[in-house]
Amino acid sequence: MESGGVHRREALCTLLRGTCALAALGCGGDWRDAVVLPGPQPVPDAGPSPALCEDAGPPGTSGEGWVEVPLSEHPALREPGGHDRVRVPSALLDVVVVHAADGCYRAVWRTCTHGDCEVAWDGALGVVECPCHGSRFGLDGQVLRGPASRPLAAYRTLRVGDSLFLLRPR
């Protein structure tokens with residue numbers, strides 16, 4: 001206990017709550033843009049790849065969580081091996097999308113589960129990598145190398161015509 005009857009831990013917790021409240025209100029300038037919203041939690045035992053090319057039929061509706069991404073806005077995704085960041089703020093979607101060599105598309109959340117850094121596709125290594133602490137993830141979001149211990153959220157992905165559709169569960 002400090003002089004005056006205030007515990008150091010209580011003071012720090014109060015300061016932290018105030019900082020969080022200011023961030024939520026938008027005070028602090030550009031820092032607010034760095035707030036990371038949680039992606040959907042990975043489905044346990046979902047298999048090796050949630051982006052199945054075998055999926056048949058059209059995607060569902062936007063009300064069901066389907067987000068349309070025109071390939072004209074991401075031309076790098078047209079060719080196998082291509083990759084790009086896909087960000088749709090209105091759908092709270094910020095992912096790395098890779099057009100895998102097998103012609104399928106894979107999409108994983110773009111924020112590392114270890115340190116809130118932006119991950120990126122490393123085609124030479126065939127992994128999604130975090131530049132801050134070196135965590136590596138597979139295209140199914142699974143941790144291949146720490147320090148991250150939780151997988152990245154992975155998204156079901158379909159190509160229909162000249163658009164890519166990603167399912168972001170609600």
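User: What is the mean pLDDT of the protein, and how many of its residues reach 70 or more?
Analyst: This is a predicted model. Its mean pLDDT is 77. A value of 70 or more is reached by 66% of the residues.

User: Where does pLDDT stay under 50?
Analyst: Over residues 20-52.

User: How many contacts beyond four places in sequence does the model have for residues 20-52?
Analyst: There are 36 of them. pLDDT is under 50 throughout that stretch.

User: Switching to the fold. How many helices and strands are there in the protein?
Analyst: One helix and ten strands.

User: What pattern do they follow along the sequence?
Analyst: The helix comes at the start of the pattern, and the strands follow: α-β-β-β-β-β-β-β-β-β-β.

User: What share of the contacts with a separation of 6 or more comes from residues 24 or more positions apart?
Analyst: That share is 47%.

User: And burial? What percentage of the residues count as buried?
Analyst: Of 170 residues, 35% are buried.

User: How about the surface? What area does the protein expose, and what do carbon and sulfur atoms supply?
Analyst: About 10,100 Å² is exposed. Carbon and sulfur atoms make up 55% of that area.

User: Let's zoom in on strand 4. Why is it largely enclosed by the rest of the structure?
Analyst: Strand 4 covers residues 105-109, and five of its five residues are buried, so the rest of the structure largely encloses it.

User: How many bridges join strand 3 to strand 4, and do they run parallel or antiparallel?
Analyst: Five bridges, and the two strands run antiparallel. Strand 3 spans residues 93-99. Across this pairing, Val97 sits opposite Ala107 of strand 4.

User: What do strand 3 and strand 4 form?
Analyst: They form a hairpin, with five residues between the strands. Gly103 lies in the turn, and its phi is positive, about 85°.

User: How many bridges join strand 4 to strand 9?
Analyst: Two bridges, again with an antiparallel run.

User: Which residue in strand 9 stands opposite Ala107?
Analyst: Tyr155 does. Ala107 therefore has a facing residue in strand 3, Val97, and another in strand 9, Tyr155.

User: Staying in strand 9: where is Thr157, and is it buried or exposed?
Analyst: Thr157 belongs to strand 9, residues 154-160. Thr157 is buried, because its relative accessible area is 5% and the cut-off for buried is under 20%.

User: What does the side chain of Thr157 reach?
Analyst: The backbone oxygen of Tyr155, at 3.1 Å. Tyr155 is the residue that stands opposite Ala107.

Conventions:
Residues numbered from 1 in each chain as written. Predicted model: local features only at pLDDT ≥ 70, side-chain atom pairs only at ≥ 80, totals over all residues. Heavy atoms only, no water. Helix = DSSP H or I, 4+ residues; strand = E, 2+ residues; numbered from the N terminus. Buried < 20%, exposed > 50% of the residue type's maximum accessible area, 1.4 Å probe, protein only. Contact = heavy atoms within 4.5 Å. Areas by Shrake-Rupley, 256 points an atom, 1.4 Å probe, with all protein chains shown as cover. pLDDT = per-residue confidence, 0-100. Polar contact = N/O pair within 3.5 Å; in protein donor to acceptor, adjacent residues only side chain to side chain. Pairing = 2+ DSSP bridges.
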